[in-house]
Amino acid sequence: MAERRAGTKAGLSREQVLDAALDYLDRHGLPALSMRKLGAALGVEAMTLYHYVPNKDALLDGLVDRVMELAFTGLDEPGAGPWVPWVRQFAHSLRAALLAHPGVLPLAATRPVNSPDALRMSERWLAGMRDAGVPLGRAMDIINVIATFTIGHTLAEAGQTPGHEGTEPNLDDRADELDPAEFPNLTEILTTRAGLDFDHRFTEAVDILLAGYAALS
């Protein structure tokens, strides 16, 4: 048994630990995550994980970093060309990664992304935005506003993250309660689905935000 555990430990990487934690988070939710449970999922003792993440806070920060890495792998950096298409791709890539890993949404919404790798990535983005003609402060504003909107919109889109035990009804759950005479507009929305398309809402809102920033140039 000791040899098997040693071999498993030697075969692990920080990336594998974070990917296993993401998978656990997506299946069971943030409240259920512990170093002991993650170790069991990987077939190692919890203490083994501290070779890859020094504590649970570092694990949680690493999960946010890992999703950002997955989101932006292959994303071209902004340069001398137009910056709006790049930021648009940034937003859609981030949303896709968060929808693929909804368990990390509470962390993405509350924990800053400030690891060394994330800082280097942000530095490249800001440099590219400046090369594209965007003033530094505005470049920081644009990235932060688009990232914050994307995280918030995706959290609302996901509805309930894994492990959430709430039973709050959404609008569809109240459909039978609505009197068309009192709520004609809401009743029509539930019938036609007008305004309930998350893809359309997200795309249009991002484009409106970017058009507004572009108009300031």
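**Helix α9 and its surroundings**

Colleague: What phi does glycine 159 take, just after α9?
Modeller: Helices are DSSP runs (H or I, at least four residues; strands are E, at least two), numbered from the N terminus. Glycine 159 comes just after α9. Its phi is positive, at about 80°.

Colleague: What kind of model is this?
Modeller: Residues are numbered from 1 along each chain as its sequence is written, and side-chain values use heavy atoms, with hydrogens and water left out. Local features need pLDDT of at least 70, side-chain atom pairs count only at pLDDT 80 or more, and totals for chains, interfaces and linings use all residues in this predicted model.

Colleague: How far does α9 reach from its first C-alpha to its last?
Modeller: α9 covers residues 136-158, which is 23 residues. The expected span is 1.5 Å times one less than the number of residues. That gives 33 Å, and the reach is close to it, at 33 Å.

Colleague: Which helices help cover the buried residues of α9?
Modeller: Buried means under 20% relative accessible area (exposed is over 50%, partly exposed in between; 1.4 Å probe, protein chains only). Among the buried residues of α9 are Ile142, Ile146, His153 and Glu157. The cover includes α6, α7, α8 and α11.

Colleague: How are α8 and α9 set to each other?
Modeller: Their axes, lines fitted to C-alpha atoms over the stretch in contact, come within 9 Å and cross at roughly 125°. Angles run from 0 to 180 degrees between N-to-C directions. Under 35 degrees counts as roughly parallel, over 145 as roughly antiparallel, 65 to 115 as roughly perpendicular and the rest as oblique. So α8 and α9 are oblique.

Colleague: Which residues of α9 make the contact with α8?
Modeller: Contact means heavy atoms within 4.5 Å. From α8 come Trp125, Leu126, Met129 and Arg130. From α9 come Leu136, Ala139, Met140, Ile142 and Ile143.

Colleague: Is serine 93 buried or exposed?
Modeller: Serine 93 lies in helix α6. Leaving aside residues up to four places away in sequence, serine 93 touches Ala71 and Phe72. Its relative accessibility is 19%, so serine 93 counts as buried.

Colleague: How far is alanine 32 from threonine 192 in space?
Modeller: Alanine 32 sits in the loop between α2 and α3. In sequence, alanine 32 and threonine 192 are 160 residues apart. In space, C-alpha to C-alpha, the distance is 39 Å.
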